[in-house]
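Hi,

Here is the model I promised to pass on. Have a look at it, and below it you'll find my notes on what turned up.

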Amino acid sequence: MAEGPVPVLLVTGFLGAGKTTVVNHILAEAGGRRIAAVVNDFGAINIDAELIAGASDGVISLANGCICCTLEGDLLRTLANILRRDPRPEAIVIETSGVADPADIVRNLLDPVILREAPLETVLCVVDATAPPAALEDPLLLAQLRMADVVALSKTDLADAAGQQRVREAVARQRPSAIVVEAPQGQVPLPVVLPDDPTRPPVPRDPGRRRPHADRFETLSWTADAALSLPRLQAAIGRLSPRLARAKGVFEAAGQPGRPFLFQLAAGRATLAPMKPPSGPGPAGLPRARIVFIAEIGRLSTAEIGAALEECIVPT
Ligand SMILES: Nc1nc2c(ncn2[C@@H]2O[C@H](COP(=O)(O)OP(=O)(O)OP(=O)(O)O)[C@@H](O)[C@H]2O)c(=O)[nH]1
C-alpha cells in the first residue's frame, strides 16, 4: 500500500483553554478518516486520554511530563511507532500540555526524517475568549501564539463582545498572520486545521532560538479508592482554587456508585458533571477518585492537597 506522508496537527494553548474539547470535536467529525491522537498531560494521571473518545485510530497517552522538554524523546518514538502502523493513519493530532512551549516541539518535528514522513501541517492555538487582560500578557500564552497558524477562540458562548474583541486584538498583535476562527465547544472547522491534500509541501517554519524552559508550574496528583462527598469536594476546591492554575479529575460520588463524575477547574471556573460512559471498555484497575492539580511552583503542597481531599472521603 502507498505510504504517503501523514500530516500532523499540533494543538497548543494555555492550561484549560479547551484543547481536549477541540481534539474531541476533530475526532468526532473525522468522517471515517483514520486519525491517531497523541495526548500529553503534564500530570502523572492522564485524564485527557480518558476524555478523548471516538478516536478511530487509537489514543496514545504521554503523561507525567511535558513533550516540549522531559518527554521529547517519547514523542518522537511515539510518532515513529504510529508511522509503522498498517494501515497508516491519515493524520496525527498531537495535543500538547497546557504548560508546553510549542517552539520546542516544532523544533523536534522539523527533524528531517519526521518532516518527510509526518510533516507538521498546522499549529493550532486554542485561546479562551473569556481570558482577562492580564492572562493575555502571560509569556507562556504569547509563546504559544507565536507559533500558531490558526487560533481557535474557545468559550465564545461565555464571552461578551468587548472581551472577545480584546482577545482578538491581543492575538492580532502577537500573531497577525494567524487565521482566527471561533470554536465554541471545540467546534473548529476541520478543513482549516486538517486540509484534504496531504501531499502539500509543509509550510516553512522557524521556531526561533532555543529558550530555556523555565520551570513555572508543578503538578500534584491525588488518588483514593473511595467515593467522595460532593459538597465537601466542592468546598475543598473552593478553598484551594485561588492558588490553582488548573485542576481536573474523575471520581465516584458517595451514594452514586458506577456513575463517575468529571470535575474541571479552568480559568477559575469550576464545573462538575456526570461523565459520558466510555464508548469502549472503561479504564480498568484505576482508583475510584483521581484528581490532578496544577499550580505555580511553591503555591500548594502535596500535604495541603492531601489534607483537603482526605476530608472528602466517605467511609464505606
Ligand atoms: N462553556 C464552554 N466551556 C468550554 C468550552 N471549551 C472548553 N470548555 C470547558 O473548559 C474546561 C477545560 O477544557 P479542556 O478542553 O479540558 O481544556 P484543555 O486546554 O484541554 O486543558 P489542559 O489540557 O488541562 O490544559 C472544561 O470544563 C471544558 O468543558 C467552550 O467553548 N465553552
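First, a convention: helices (H or I, at least four residues) and strands (E, at least two) are DSSP runs, numbered from the N terminus. Residues are numbered from 1 along each chain as its sequence is written. This is a predicted model, so I kept local features to pLDDT of at least 70 and side-chain atom pairs to pLDDT 80 or more, while totals for chains, interfaces and linings use all residues.

Let's start with Pro 260, which sits in the loop between S10 and S11. A residue is called buried if 20 or more other C-beta atoms lie within 10 Å of its own, exposed if 12 or fewer, and partly exposed in between, with C-beta atoms placed from the backbone. Pro 260 has 23 other C-beta atoms within 10 Å, so it is buried. Contact here means that the C-beta atoms of two residues, placed from the backbone, lie within 7 Å. If you leave aside neighbours within four places in sequence, Pro 260 is in contact with Val 250, Phe 251, Glu 252 and Met 275. Its C-alpha atom is separated by 8.8 Å from that of Ala 273, 13 residues apart along the chain.

Val 250 turns up again with Thr 223, a residue of strand S8 (residues 217-224). The two are 27 residues apart in sequence and 9.6 Å apart in space, C-alpha to C-alpha. Thr 223 is partly exposed, because 17 other C-beta atoms lie within 10 Å. Not counting residues up to four places away in sequence, Thr 223 touches Pro 287, Ala 289 and Arg 290.

Now the ligand. Near means that a residue's C-beta atom, placed from the backbone, lies within 6 Å of the molecule. There are 22 residues around the ligand, and Gly 18, Thr 20, Thr 21, Gly 98 and Gln 264 come nearest. Helix H1 (19-28), strand S10 (246-251) and strand S11 (261-266) each supply at least two residues of this shell, and H1 gives the most, with three residues. For classes, Ala, Val, Leu, Ile, Met, Phe, Trp, Tyr, Cys and Pro count as nonpolar, Asp, Glu, Lys and Arg as charged, and the others, Gly among them, as polar. On that split the shell has five nonpolar, eleven polar and six charged residues.

Gly 18 also has a partner from further along the chain: its C-alpha atom and that of Gln 185 are separated by 8.0 Å, with their positions 167 residues apart in sequence. Gln 185 is in the loop between strand S7 (179-182) and helix H9 (190-193). With 13 other C-beta atoms within 10 Å, Gln 185 is partly exposed.

Next, a helix pair. How do H10 and H11 run relative to each other? Axes are lines fitted to C-alpha atoms, for helices over the stretch in contact, and angles run from 0 to 180 degrees between N-to-C directions. The axes of H10 (residues 230-240) and H11 (residues 302-310) come within 9 Å and cross at roughly 155°. Angles under 35 degrees count as roughly parallel, over 145 as roughly antiparallel, 65 to 115 as roughly perpendicular and the rest as oblique. H10 and H11 are therefore roughly antiparallel to each other. Ala 236, Arg 239 and Leu 240 in H10 meet Ile 305, Ala 308 and Leu 309 in H11. By class, that contact has five nonpolar, no polar and one charged residues. Ala 235 is in H10 too, and its C-alpha atom is 9.2 Å from that of Ala 308, 73 residues apart in sequence.

In helix H7 (residues 139-146), Leu 141, Ala 143, Gln 144 and Leu 145 are buried. Their cover includes strand S1 (8-13), helix H4 (102-109), strand S5 (120-128), helix H6 (133-136), strand S6 (150-154) and helix H8 (161-174).

Last, some backbone geometry. Most residues other than glycine have a negative phi, and most peptide bonds are trans. Asp 86 and Pro 87 are joined by a cis peptide bond, with omega about 0°. Pro 87 is in the loop between helix H3 (72-83) and strand S4 (91-95). Lys 155, in the loop between S6 and H8, has a positive phi near 60°. Ala 267 has a positive phi of about 50° and lies in the loop between S11 and strand S12 (269-274).

Cheers
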